[in-house]
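Please work through the exercises below with the coordinates open beside you, and try each task before reading its solution.

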Amino acid sequence: MIYDKVVSLLCDQLGVEEDKVSTASDIFEDLGADSLDVVTLLMSLEDEFGLTIEDDQAQELHTVGDIVSFIEMNT
């Protein structure tokens, strides 16, 4: 369920197809995000899941799987 929400947010914000996204997808290299995309994504994740993502934590989130694991451990 968390994975599906994260993928949905990514697809909406980055304009990628769901079938192009996997847990191993790198946000920058595979999905084409830039730094502004990431800031917007982080704000959306915080709103969607009711959590706060600190700057040092955000720097560790490189793949879709990283994001899902972070949310699972912090909600």
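The exercises that follow concern a predicted model, and each solution goes step by step.

**Exercise 1. Determine where serine 25 sits, whether serine 25 is buried or exposed, and which residues serine 25 is in contact with beyond its neighbours within four places in sequence.**

Step 1. Locate the residue: serine 25 belongs to the loop between α1, which spans 2–14, and α2, which spans 35–49.

Step 2. Classify the accessibility: the relative accessible area of serine 25 is 4%, and because buried means under 20%, serine 25 counts as buried.

Step 3. Look for a polar partner: a polar atom of the serine 25 side chain lies 2.8 Å from the backbone nitrogen of serine 22.

Step 4. List the contacts: with neighbours within four places in sequence left aside, serine 25 touches Lys20, Asp30, Leu31, His62, Thr63 and Val64.

**Exercise 2. Take two of those partners, Thr63 and Lys20, and decide for threonine 63 and for lysine 20 whether the residue is buried or exposed.**

Step 1. Threonine 63 lies in the loop between α3 and α4, and with a relative accessible area of 18% threonine 63 is buried, because the cut-off for that class is under 20%.

Step 2. The side chain of threonine 63 reaches the backbone nitrogen of aspartate 66 at 3.0 Å, while its contacts, apart from neighbours within four places in sequence, are Thr23, Ala24, Ser25, Asp26 and Ile27.

Step 3. Lysine 20 is placed in the loop between α1 and α2, and its relative accessible area of 59% makes lysine 20 exposed, since exposed means over 50%.

Step 4. With neighbours within four places in sequence again left aside, lysine 20 is in contact with Ser25 and Leu31; from C-alpha to C-alpha, lysine 20 and valine 7 are 9.9 Å apart in space and 13 residues apart in sequence.

**Exercise 3. Describe how α1 and α2 pack, and state which residues make the contact.**

Step 1. For the geometry, the axes of α1 and α2 are 10 Å apart and the packing angle is about 140°, with α1 passing α2 in a right-handed crossing.

Step 2. For the residues, α1 contributes Ile2, Lys5, Val6, Leu9, Leu10, Gln13 and Leu14, and α2 contributes Asp37, Thr40, Leu41, Ser44, Leu45, Glu48 and Phe49.

Step 3. Sorted by character, the residues of this contact comprise eight nonpolar, three polar and three charged.

**Exercise 4. Find how many salt bridges the model holds and which side chains take part.**

Step 1. Recall the principle: side chains of opposite charge can pair when their charged atoms come close.

Step 2. Apply the cut-off, a side-chain nitrogen of Lys or Arg within 4 Å of a carboxyl oxygen of Asp or Glu, and the count comes to one salt bridge.

Step 3. Identify the pair: glutamate 48 and lysine 5 meet through their side chains, at 3.6 Å from N to O, and this pair links distant parts of the chain, with glutamate 48 in helix α2 and lysine 5 in helix α1, 43 residues apart.

Step 4. Check the surroundings: glutamate 48 is partly exposed at 40% relative accessible area, and lysine 5 is partly exposed at 31%.

**Exercise 5. State which residues of helix α4 are buried and which helices they pack against.**

Step 1. Within α4, residues 64–74, the buried residues are Val64, Gly65, Ile67, Val68, Phe70 and Ile71.

Step 2. These buried residues of α4 pack against α1, α2 and α3, the last spanning 55–58.

Key. Residues numbered from 1 in each chain as written. Predicted model: local features only at pLDDT ≥ 70, side-chain atom pairs only at ≥ 80, totals over all residues. Heavy atoms only, no water. Helix = DSSP H or I, 4+ residues; strand = E, 2+ residues; numbered from the N terminus. Buried < 20%, exposed > 50% of the residue type's maximum accessible area, 1.4 Å probe, protein only. Polar contact = N/O pair within 3.5 Å; in protein donor to acceptor, adjacent residues only side chain to side chain. Contact = heavy atoms within 4.5 Å. Axes fitted to C-alpha atoms, helices over the stretch in contact; angles between N-to-C directions. Left-handed = near helix turned anticlockwise from the far one by under 90°. Nonpolar A, V, L, I, M, F, W, Y, C, P; charged D, E, K, R; others polar.
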